[in-house]
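The following explanation is intended to be read alongside the sequence and the coordinates. It proceeds from the interior to the contact between chains.

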Amino acid sequence: MLPVNYYLGLAIILFTLGALGVLIRRNAIVIFMSIELMLNAANLAFVAYARYWQSMNGQIFVFFIMTVAAAEVAIGLALIVTIFRTKASIDVDQISTLKG
Amino acid sequence: MQLSEVLNAGRFFYLVPFVVFFPVIGLLINIFLGGRMGEKAIGAIACLASGLSFVIAVMLGIALLGHPAGMSLPYLNWITLGNLQLDWAFRVDTLSVTMMLVVGGVGTLIHIYAVGYMHEDVRHNSDPGRFRRFFVYFNLFIAAMMILVSANNYMMLFIGWEGVGLCSYLLISFWYEKGKDGIGNALAGKKAFIVNRIGDFGFLIAAFLMYKYFQPLAANGVFSFDFDTVANLASQVPPSIILAITLFMLLGVTGKSAQLPLFVWLPDAMAGPTPVSALIHAATMVTAGVYLVARSHAMYTLVPVAQNWVAIVGAVTAFFAATIALAQFDIKKVLAYSTISQLGFMVAAVGMGAFAAGMFHLVMHAFFKALLFLSAGSVIQGVERGEHEVGHDSNLRKRMKHELNFDPQDMRNMGGLRRRMKTTYWVYLIGALALAGIVPLAGFWSKDEILAEASTLNPAVYILLIIAAFFTAFYMGRQVFMVFFGEPRSEPAAHAEESPAIMTVPLIILAFLSIVGGFLNFPTFHTFTTWLDHTILAATEGATGAEAAAGGFNIVVAILSTVLALGAITLAWYLYMRRTQEMQKLPLNQRPDDPLRSIIGPIFTLLENKYWVDEFYGYLVVKPYQWLSTFLAEKVDWAFWHDFFHDTVLARGFNSLTHLLAGPIDLGFIDGIANFLGDGFKELATQTRKLQSGFVRNYALSIFIGVIFIIGYLILRLG
C-alpha cells in the first residue's frame, strides 16, 4: 500500500495547479475548472487521511464537498452564461465594472 | 346770630382749598364736556368757576375780620424725603386773602368780559373752535395763581409760580399761527417762557440755599419751606446767606414781575388776546414778584443791602419803562410799558420796607390797569368792527386802498373815538386818570403812599419815582388824546362801533372800583395797612416793623405829585390837541406822526425803539447762544459724535471686528477644521480606492496571500 505522503503530494500538486489556474487564467470556464481542481485536491487529501486513520469522517466531508461543488457548478455556470449574454465574453479581465 | 358765630369760629378757613378746586372743576368740565356745549355754556362755566373762587375768597376775608391772625391748613402730605417734608398746605392770612380777592374778583370780571371779547376774536381770527380752549387756559391760570397766593410754603408757591408761567406762555401764543411772519405770536410766547426761566433759576437757587442753611436749624431737623419757619429762623442764619437768598429771589422777581433787566418779555406778551394782557400781564401774574417779596418780608428786613437793591431795581425800572411808554404807538404796548413802570413802583415800595404801600398799589393797579387793558381791547375791537364795515362798503373801501396793512392797535389810526364809543371812552378816562394819579381816584392814594414813604426812606428812589409819575401822567394823557380826541385819522376809526354790554358792564364795575378803591386805605384811617399789619407786622415786630408800618400821607408830596400830574396832562393836551391840529395843516409827507418827535427828535427815536434793549440782548445773549447751539449741533453733535464717534469709531470698529470674526476666525479657523477633516478623508478615499482594481484575479490573489499569512501565523504560533 502506498504511504499517505504520496497521496498528499498529489493533492498539493493538484491544489497548486488549481490555485495557479485561478490566478493566471482569464477564461471564466477555465477558472471554474481550476476551482474544481482545488476542491478535488482537498477531497483527495480527505479520503487519503480517511483511509490512513481508518475513519469515516473524511469520506463524509468529501460527500458534502461534492454536493456543495455540484450546487456551485449549477450557480457558477448560470452566472457565466448570464455574463456572456451581456458582455459577449467570458474573459474575467473584461468584467471590471467594480473598479474603484 | 348763627352766622356771626360761624364767622368768629373761623370755620370758613377750612374752605380755602376750594379757591383752587373751583377753577380746576371748571376747566375739567370744559375739557371733557365743553365740546358738546355752546359758547354761552362754556363761558358761563368758566365765569362761575372763577366767581365761586371769589366767593370763597370773600368768605375767607369775612372770617379774617373775626380772626385776623388767620391760619395755615395742611391739606396733603406731598413729598417726604429724608429731612425734607413738603406739604400741600394752604395759608389764610390778610396778605394771601388780599391776593385771592384780587385774583378772584378781577379775574371773574375779566372772565365775563372775555366771553364777549373772545366771541368776536375767534371769529375775527376765523377759528371759533378755540373759544373753549381759551377758557380752559383761563381757568387753569386762575387755579395756578390761587395755588401761588394760597401756598404756605415756598415750594407750593413755586408750583403756582411755574403754573402761571405756563398759562402765560399758552395764552401769549394763543394765536400761535398768527403774528409777524406767521410765527410772531409763537416767538413772543417762547420769549416770555425763556426769560422767565432765568428768573425761575434765581428762585430755585434761593430755595436750595434756603434748604442748605435753614434745614439744620429747623425743629427735629425736618424742613418744609414753611413761611413761618423761614421767618422765625432767618435771624439765626448768617446775614450774608440771607443776602444771597434775597438777591437770588430778586432775580426771580425781576423775571416774573418784568423788572430790569428781564422786562423784555412783557411788551412782546401783548401778542396774546387782550383779556390775557389784562388778567395775566397786568393785574395778577406779574404782581407775583411783589407778593413774593412781601411774603418774604422777614428775610428782606434783615438785610438792608438787599432791600436797597430791590428798591433801586424797582425805581429804575419805573423810570426806564415810563420813558419808553412815551414813544410807543401801539395802544397795548403803551399799557405794557406802563405796567412795567407801575410794577417798578410796587417793587420799589416793598424794597423800601413799605410792604403795605406796595400791596395797596398792587390792588389798585389791578383795578385800573385791568380796566385800561380791557378798554383798550374794546377800542381795538371797535376799530376792527369799523374796518369790517368799511370793507363791506364799496365807496368807503376805495378810500381804504392805501391802508392795506391796517393795524387796529396803532393809535395813529385812531382819534375821535369818544363820539363813537361813549362807554369805553368814559371808563378809559377814569382808568387813565386813576393811573395818572389824579385825586380822588385809586391811583392817587396808592401812588402817593409809595411816594410819601420814599420821600422819607430813600431820596434817590423818590426822585426817580416822581419823574416816572410825571411821565405816567404824560403818556396816559397822550394816549387818551390820541385815541379818543381830535378827528378820526382813518376810515375804520371813523366807523368804529361800541362793544356789547357783556364787555362794557365789567368795565363799568372796574371803573367804579378804580374810583372808590383808594378809600380802602384813606389817610388817617389806613384800613388796608392795618389789615395787612396783622400779617406783616406780626412777623417783623422787633425788627424794623415799626418803621415799615408807619405808612403815611404827606400833604406836600401829595400836592407836588398832583401838580406834576396835572402839568403833564396839560402838556399832553397842548402837544396832542393843539400842536396836532396845527400840524394837520402841513402836507402829509412833512407831517410828523408824533408832535413830540419834532421836539426831541433823536431821543424820541431812541425811546420808540425801546433803547434797543432787545437788539442789545440779541447781540449780547441770543446771537452768541445761537452760535453756541449751532456749534454744538453741527460740530460737536453732528461732526464729532455722529460722524466721528458713531460712524467712524463705533460703526467702523464694529464692522472690522465682525469682519475679523467672520473672515479669519470663522472661515479660516472653524471652517478650516471641518474642511481639513473632509479633505483628509477625501484624500484617503482617493488613495484607497485605487486598491479596488475590479479584476477578480487580483481579489483572488489577495485572498490567497491573506490565507497564506493566516495559515503561516497559525503554524508559527501553534508550532
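**From the core to the chain contact**

In this predicted model, the largest nonpolar core holds 227 residues, of which Leu60(B), Phe141(B), Ala348(B), Phe367(B), Ala370(B) and Leu465(B) touch the most other members. Helix 16 of chain B supplies the largest share of this core, namely 20 residues. The surroundings of Leu60(B) can be listed individually. Once neighbours within four places in sequence are set aside, Leu60(B) is in contact with Phe12(B), Phe13(B), Leu15(B), Val16(B), Val92(B), Val97(B) and Met100(B).

Helix 11 of chain B, spanning residues 274–283, offers a second view of the interior. Its buried residues are Thr274(B), Pro275(B), Val276(B), Ser277(B), Ala278(B), Leu279(B), Ile280(B), His281(B), Ala282(B) and Ala283(B). Because 10 of the 10 residues of helix 11 of chain B are buried, this helix is largely enclosed by the rest of the structure. The elements covering these buried residues include helix 4 (94–124), helix 5 (130–150), helix 6 (154–172), helix 10 (265–268), helix 15 (331–351) and helix 16 (355–392) of chain B.

Attention now turns to the contact between the chains. Chain A contributes 11 residues to this contact and chain B contributes 12 residues. On the side of chain B that touches chain A, helix 30 (residues 696–718) of chain B gives the most, with 5 residues. That side of chain B comprises 6 nonpolar, 3 polar and 3 charged residues.

Which residues meet where helix 1 of chain A contacts helix 30 of chain B? From helix 1 of chain A come Ala19(A), Val22(A) and Leu23(A), and these meet Arg697(B), Ala700(B), Leu701(B) and Phe704(B) in helix 30 of chain B. Classified by type, this contact between the two helices has 6 nonpolar, no polar and 1 charged residues.

Two packed helices are described by the angle between their axes and the distance between the axes. For helix 1 (residues 4–24) of chain A and helix 30 of chain B, the angle is about 140° and the axes are 8 Å apart. Helix 1 of chain A and helix 30 of chain B are therefore oblique to each other, since only angles over 145 degrees count as roughly antiparallel.

Helix 1 of chain A also contains Ile24(A). Ile24(A) has 12 other C-beta atoms within 10 Å and is therefore exposed. Ile24(A) and Ala50(A) are separated by 26 residues in sequence, and their C-alpha atoms lie 32 Å apart in space.

Note on methods. Residues are numbered from 1 along each chain as its sequence is written. Chains are lettered from A and ligands numbered from 1 in the order in which they are written. This is a predicted model: local features need pLDDT of at least 70, side-chain atom pairs count only at pLDDT 80 or more; totals for chains, interfaces and linings use all residues. Two residues are in contact if their C-beta atoms, placed from the backbone, lie within 7 Å. Helices (H or I, at least four residues) and strands (E, at least two) are DSSP runs, numbered from the N terminus. Ala, Val, Leu, Ile, Met, Phe, Trp, Tyr, Cys and Pro count as nonpolar, Asp, Glu, Lys and Arg as charged, and the others, Gly among them, as polar. A residue is buried if 20 or more other C-beta atoms lie within 10 Å of its own, exposed if 12 or fewer, and partly exposed in between; C-beta atoms are placed from the backbone. Axes are lines fitted to C-alpha atoms, for helices over the stretch in contact, and angles run from 0 to 180 degrees between N-to-C directions. Angles under 35 degrees count as roughly parallel, over 145 as roughly antiparallel, 65 to 115 as roughly perpendicular and the rest as oblique. A nonpolar core is a set of buried Ala, Val, Leu, Ile, Met, Phe, Trp, Tyr and Cys residues joined through C-beta atoms within 7 Å.
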